[in-house]
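Visitor: I would like to learn how to read a model such as this one, feature by feature. Could you take me through it slowly?

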Amino acid sequence: MRIDVDKVSKKFGEFEALSNVTLEVPEGSLSALLGPSGSGKSTLLRIIGGLEHPDSGHVLLDGEDVTSARPQDRGIGFVFQHYAAFAHMTVRDNVAFGLKIRKRPKPEIKSRVDELLALVGLTKWSEQHPHQLSGGQRQRMALARALAIEPRVLLLDEPFGALDASVRAELRAWLRRLHDEQGVTTVLVTHDQEEAMEVADTIAVMNAGKIEQVGSPRTIYDKPATDFVMGFVGPVSTLDGKLVRPHDVSVSLIQQEGSIEAMVLRVIHLGFEVRIELELPGGEIARAQLTRGQTEELELARGDIVYVRPPADSAPSAPDGTPAPGTAAAPTA
Amino acid sequence: MLVSRRAKLSLRGIALLYLLLLLLIPVGAIFARTFEHGIGTAWSWVTTPAAVSAFWLSVVIALIAVPLNTIFGVGAALLLARSKVRGRKLLDALIDLPFVVSPVIVGLALLLVYGQGGWFGNWFINHGIRIIYAVPGMVIATVFVSLPFVVREVAPVLLEAGDEQEQAAATLGASGWQTFWRVTLPSIRWGVAYGVVLTTARALGEIGAVAVVSSNVAGSTLTLPLLVSQRDQTIGAGQITGAYAAATELAVMSLIVLLAMTFLGPRRAR
């Protein structure tokens, strides 16, 4: 189902959480709302879900205005960062909750719950209580619970935020597969650009209650609309007054036209990737990112004088051969 | 805080000594005095018509006051922990009033309002309803003094549990009422149970406010604590033993309430 957010504003006291936000989520897509904390992304998700009410503006599901509809009547599935598991119920009863509320026949509930437990790999844990599960298992249970009612829209509020890095990576891949199989329109809130890039088809980058840019992961990374987006979705460095990606900085031992002299301050080896910290003539610090091969070829060491050059194109763009976003780009500079 | 073994032992010693001097020895003394003339004598004192009537009156008052305060307490706790309505702070402060106001004052205040010549008193008297110097006044007084316990036990539990489970229930289609019965109440049940135990103990033991609005007639408006007090002040053969016997009966009732809670205790951790 398609979601339209139309000129939505929301204030909490004096704090402006959302100001005049308009967003369109196409049917069947997996979209991410990406932004730092306080950017309004969770508030926007909660407004779509009916857990908050906007001060002004409208929310439409499949063209139908649901702005004043209760969450119960929206046909949504909502997954919370801290699972919101019903602590006193077994895993099975948690998943069955929405179906019991809908007074479905018992055999139907049982077969549907069995199916969902198998889907999320919790069949063996069906009679346990949530506190006996790991964080990742609890979140999979919460997803099964949300999916049980066959929601038209799945809303995920930082669903992997409370999990270990390895579990998070596993669940991300799992969520993407699940979405590809089930095709439910899904909106994911995250502050982790790598997560957004890995999972989502479309990313809306938010900052200070506004949407800065909407686009595919590739567009957001390669053609950021604003300095904020550029800085948020990948590492950045300032060079010659311009914001550039460290992996777009070319480093050479020979002076060329438009290059700047710099001194190597540190060479940081991170396996395949090598980060170079450079001091420019004005005392400014810049960063470059090279491969191990490039670094070895240049025989870079601390104190060396090199010549650096921003990409020819003043608007930052990735040249051919740049590794795909999300693999080479470090989460933060 | 790091405490040495020795300090730990002496702290434990002081705590035990304190309890022994202030609690165990006096209560133990009552038990001892109750049975100094034999179990038969003690039993006869708690089975007199006045004692049986006092026992049932105490039970009936508790049976009215405890459910009322449980319903009110859970509702008020929900209001304090979940809503953002104006006047919430005022409600929060008012709920502690019975803790800070002396029960005697509560009794006198009830006299002023419901007694003869009081604000509502004449209306009730004209309609043939006796509140003051009768059981209804004693119930009101008990409700008043035992009001804060459930609220004060449940509100922190609600705050700690947070409202995410309730939001999740709403997104899954549950109405407010369904969410309350299926999600909220089960998650606060031990807080409610503990509040009920404290309310019951207080309702059974209350004397100050109840004494003011009771006519103190044995067999009709005496609760167990009032009976203890009356026997204690009456000069007569063995009256004091009767007071001890009724006091022991009251203590045993409280102990049963306490034990019920202790047996439920292990389930509380779940």
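**Reading the two chains**

Guide: Let us start where the chains meet: 19 residues of chain A are in contact with 14 residues of chain B, two residues being in contact if their C-beta atoms, placed from the backbone, lie within 7 Å. This is a predicted model, in which local features need pLDDT of at least 70, side-chain atom pairs count only at pLDDT 80 or more, and totals for chains, interfaces and linings use all residues. Residues are numbered from 1 along each chain as its sequence is written, while chains are lettered from A and ligands numbered from 1 in the order in which they are written.

Visitor: Which elements give two or more residues to the side of chain A that touches chain B?

Guide: Helices (H or I, at least four residues) and strands (E, at least two) are DSSP runs, numbered from the N terminus. On the side of chain A that touches chain B, the elements giving two or more residues are strand 6 (76-79) and helix 2 (91-101) of chain A. By class, that side of chain A has 11 nonpolar, 6 polar and 2 charged residues; here Ala, Val, Leu, Ile, Met, Phe, Trp, Tyr, Cys and Pro count as nonpolar, Asp, Glu, Lys and Arg as charged, and the others, Gly among them, as polar.

Visitor: How many helices and strands does chain A have, and into which domains is chain A divided?

Guide: Chain A has 9 helices and 17 strands, and is divided into domain 1 (3-227) and domain 2 (236-309), with bounds that come from an automatic or database domain assignment. The C-alpha centres of these two domains of chain A lie 41 Å apart.

Visitor: How should I read a strand, and are the residues of strand 7 of chain A buried or exposed?

Guide: In a regular strand the side chains alternate between the two faces of the sheet. A residue is buried if 20 or more other C-beta atoms lie within 10 Å of its own, exposed if 12 or fewer, and partly exposed in between, with C-beta atoms placed from the backbone. In strand 7 (residues 153-157) of chain A, 5 of the 5 residues are buried, so this strand is largely enclosed by the rest of the structure. A:Val153, A:Leu155 and A:Asp157 are buried on one side, and A:Leu154 and A:Leu156 are buried on the other.

Visitor: Which strands pair with strand 7 of chain A?

Guide: Two strands pair if DSSP finds at least two bridges between them. Strand 6 of chain A pairs with strand 7 of chain A in the parallel sense over 4 bridges, and A:Phe78 stands opposite A:Leu155. Strand 8 (residues 185-190) of chain A also runs parallel to strand 7 of chain A, joined to it by 5 bridges, and A:Asp157 has A:Val189 as its bridge partner there.

Visitor: What is the order of the open sheet of 4 strands in chain A?

Guide: The order of that sheet in chain A is 2-1-4-5, with antiparallel pairing. Strand 2 (15-25) and strand 5 (64-65) of chain A stand at the edges, each with a single partner strand, so one side of each has no neighbour in the sheet. Strand 1 (residues 3-12) of chain A pairs with strand 2 of chain A over 7 antiparallel bridges, and A:Val8 has A:Val21 as its bridge partner.
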